[in-house]
Amino acid sequence: MDTTQIIKEQAEKYDSFYLYDEQVIADQIARLKRDFGPVEFLYSVKANPAPQVVKRIFSSGFGADAASLNEVKLAHRFNVPAEKIQYSAPAKRKSDIDTALGMATIIADSPKEVELIQQAASEQGIVAEIGVRLNPNFTFFSETGVPSKFGIDEELAFSLLDHWKQFSNIRIVGIHVHSRSQELREELLEHYYENMFALSCRFQEALGHKLTFVNMGSGIGIPYGMEDSPIDTARLGKKMAALAADFADKLSGTQIYLETGRFVSGKCGLYITKVIDKKESMGKTFILLQNTLNGFVRPSLIPFVAHYTTDSNPSPCEPFYTQKDAFQITALTAETETESVTLVGNLCTAMDVVAEDILLPKLVPGDLLVITNAGSYAAVLTPMQFASQDAPAQLILHCDGTVADAMND
Ligand SMILES: *Cc1c(COP(=O)(O)O)cnc(C)c1O
């Protein structure tokens, strides 16, 4: 059955829903594995934590980039081993650390957290192998650092190493850096990897023992707009292999991790919403849809952002705002005659506008609109409680053609 037919069938049951295509997830994973060889991947659960989605990703051998204790628990529940769950988030509480110890590799995000992990490990009578998140003296664009709420400034971390080495219940075995998301320029990623290898060597030397892992974070983008071209992962993988060879004498035996959320799940998702009503007002045609801002918020943020700036290309604010053509909207109708319409939602606020004055085939109540790029930072970012409306369903289309509730274990 083709996807359109599947969508129409599900629309008999649901007025708005996400459809995640397992085959797309499988293809993206296969590509990363093929192109990056010995690099291991951690799935950034926050991109899409639907149980059926994470289950598919973890069963292919990916570890977890967990941004909260609940994400640690989710990965643990799907049998991801502790050394492949990296718990990296700012402002962890002592209670988060108490519970996560033994379930995950904790990445300390501040000097205070290093102390808290030492305290918690000491109370449990264990020695915890941990990583530290660094705020390096470089970015994707410069050879100097920037202030950040994430991690520990590189220089500060180096100056604290001797102090940390005296802590008897922790052993620092890895570093983590995540500098930027949604980058499509390979040369910037390549240069970032170069800087990361050099930093890893410096850190290992100061540490005085082997790093077990280096987590280089994310950055690998996906095409959102029609003009974007997909990133050349084969090229990036080759660069990674060349760097690993260059640094083999120092970093042999150190596991390199990359994290990704959107590369794996971003393109797998469609959002489908039904036309509920249609009205004319003072010369404008409004199409009223089920769950827009409260179903998939990001398309609605595009007119929102445009309202506050005259800049024709406002800078991204990931993961909320990527670019003005980030989502393609198509109507599932045989109608060929078009008209100019404004797409709005069913909320009691005038701001849930999806698109203004766009040309679409003439729609009638019951017709369906399909929005792309709804597999990551979609359902999770959306304020679904607003006005206590029914939330959209989240469905998964399995490789065998069956459709299931993606929220079931
Ligand atoms: C969110 C996040 C990611 C994932 O970013 P994507 O753009 O979805 O790949 C990776 N690492 C860290 C630390 C993150 O916070």
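Four bridges join strand β2 (residues 40-44) to strand β10 (residues 255-260), and the two strands run parallel. That pairing is a good way into this model, which is a predicted one.

Let's stay with β2 for a moment. On its β10 side, Leu 42 stands opposite Glu 259. β2 also pairs with strand β3 (residues 63-66), again in the parallel sense, over three bridges. Here the bridge partner of Leu 42 is Gly 63 of β3. Leu 42 thus has a partner in β10, namely Glu 259, and one in β3, namely Gly 63. The two pairings of β2 sit side by side in this table.

| Partner of β2 | Sense and bridges | Residue facing Leu 42 |
|---|---|---|
| β10 (residues 255-260) | parallel, four bridges | Glu 259 |
| β3 (residues 63-66) | parallel, three bridges | Gly 63 |

How well is β2 covered? Four of its five residues are buried, which leaves the strand mostly covered. The neighbouring strand β3 is covered on both faces: Gly 63 and Asp 65 are buried on one side, and Ala 64 and Ala 66 are buried on the other.

β3 also leads us to helix α4 (residues 69-77), whose buried residues are Leu 69, Glu 71, Val 72, Leu 74 and Ala 75. The cover over these residues includes β3 itself, along with α3 (51-59), β4 (85-88) and α5 (94-100). Just after α4 comes Asn 79, which takes a positive phi of about 65°.

Helix α12 (residues 297-307) offers another set of buried residues: Val 297, Arg 298, Pro 299, Ser 300, Leu 301 and Ile 302. Strands β15 (353-361) and β16 (368-371) are among the elements that cover them.

Now for a single residue worth finding on your screen. Val 173 has its place in strand β8 (residues 170-176). Is Val 173 buried or exposed? Its relative accessibility is 3%, so it counts as buried, the cut-off being under 20%. What does Val 173 touch, leaving aside residues up to four places away in sequence? The answer is Glu 129, Ile 130, Leu 211, Thr 212 and Phe 213. Of these contacts, Thr 212 lies 39 residues from Val 173 in sequence, yet the two C-alpha atoms are 5.2 Å apart in space.

Stepping back to the whole protein, the secondary structure comes to twelve helices and 18 strands. The radius of gyration is 23 Å, close to the 22 Å that the globule rule gives for 409 residues, so the protein is as compact as a globular protein of that length. Along the principal axes, its C-alpha trace spans about 70 × 40 × 40 Å.

Buried residues account for 53% of the 409. Among contacts between residues at least 6 apart in sequence, 71% join residues at least 24 apart. On the outside, the protein exposes about 17800 Å², with carbon and sulfur atoms supplying 52% of that area. As for charge, there are 36 positive and 52 negative side chains, and the centres of these two sets lie 3 Å apart.

Note on methods:
Residues numbered from 1 in each chain as written. Predicted model: local features only at pLDDT ≥ 70, side-chain atom pairs only at ≥ 80, totals over all residues. Heavy atoms only, no water. Rg over C-alpha atoms; globule rule 2.2 N^0.38 Å. Buried < 20%, exposed > 50% of the residue type's maximum accessible area, 1.4 Å probe, protein only. Contact = heavy atoms within 4.5 Å. Areas by Shrake-Rupley, 256 points an atom, 1.4 Å probe, with all protein chains shown as cover. Lys, Arg positive; Asp, Glu negative; His and termini not counted. Charge placed at Lys NZ, Arg CZ, Asp CG, Glu CD. Pairing = 2+ DSSP bridges.
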